[in-house]
Amino acid sequence: MRHTRVHPRILGYLGRALSLELSAVQQYMTQASLVEAWGLPEAAARLREETVEEMRHAERITQRMLSLGAAPNASQLRPAGVGRTLVDLLRQDAILEGEIIAIYQDAFTFCQRVGDGDNGAFFQRLHQEEMAHAHDIEHWLASLGVPQRGHDSDRIYF
């Protein structure tokens, strides 16, 4: 395990990211059970896949924190976003993914500013993966007849 000196703000980004990723695990897991109860097994399977992806992100963040000599601490889990329809659930997912994307964007920008290329690359990879999740949700919503909303693309993309 390498213990390098890291800016405390980067550790703060990692802690917030861990909280958001574990919140996403909880949300997707809850939603998978809910849509399965509604008789939508394909949607349940898809949401379970998202649960696993978010768990992998949480694991990577945990490993990163440990490698930096910090104890992982997800201090604030958000309540799972639920609704009455699959569209309601997916809109909740889009909101959460947007928050996760924003934290990775901010963290990457900060790492660039302080010259921490290693952690910057870590946040950039997670950002790209979350962008793919967000696009998948958008396409899923579009397949359900929901018009796509506009993005502040300067804010989200690198």
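UniProt positions are given here in the numbering of this model, with feature names shortened, and such annotations may be inferred rather than shown by experiment. This is a predicted model, with residues numbered from 1 along each chain as its sequence is written. Local features need pLDDT of at least 70 and side-chain atom pairs count only at pLDDT 80 or more, while totals for chains, interfaces and linings use all residues, and side-chain values use heavy atoms, leaving out hydrogens and water.

**View 1. Two residues that UniProt lists for "binding site" are Met55 and Glu53**. Both listings come from an unreviewed entry. Met55 sits in helix H2, which covers residues 41–67, and Glu53 is found in H2 too. (Helices are DSSP runs of H or I, at least four residues long, numbered from the N terminus.) Met55 has 41% relative accessibility, so it counts as partly exposed. Glu53, at 30%, also counts as partly exposed. (Buried means under 20% relative accessible area, exposed means over 50%, and partly exposed is in between, using a 1.4 Å probe and protein chains only.)

**View 2. Here's Met29, in helix H1**. That helix takes in residues 8–37. Met29 counts as partly exposed because its relative accessibility is 47%. Now look across to Glu50: Met29 and Glu50 are 21 residues apart in sequence, and their C-alpha atoms are 8.4 Å apart in space.

**View 3. Zoom in on the largest nonpolar core, with its 38 residues**. (A nonpolar core is a set of buried Ala, Val, Leu, Ile, Met, Phe, Trp, Tyr and Cys residues joined through side-chain atoms within 4.5 Å.) Ile10, Leu14, Val35, Ile61, Tyr104 and Phe123 have the most contacts inside it. H1, H2, H3 (86–114) and H4 (117–143) each chip in at least two residues, and H3 gives the largest share, 12 residues. Setting aside neighbours within four places in sequence, Ile10 is in contact (heavy atoms within 4.5 Å) with Phe110, Cys111, Val114, Asp116, Asn119 and Phe123.

**View 4. This one shows H2 packing with H4**. Their axes are 12 Å apart and the angle is about 170 degrees. (Axes are lines fitted to C-alpha atoms, for helices over the stretch in contact, and angles run from 0 to 180 degrees between N-to-C directions.) The two helices are therefore roughly antiparallel, a label for angles over 145 degrees. Glu53 turns up again among the H2 residues that meet H4, along with Glu50 and Ile61. On the H4 side, the residues include Asn119, Arg125 and Trp140. The contact's residues divide into 6 nonpolar, 3 polar and 11 charged. (Ala, Val, Leu, Ile, Met, Phe, Trp, Tyr, Cys and Pro count as nonpolar, Asp, Glu, Lys and Arg as charged, and the others, Gly among them, as polar.)

Conventions
Angles under 35 degrees count as roughly parallel, over 145 as roughly antiparallel, 65 to 115 as roughly perpendicular and the rest as oblique.
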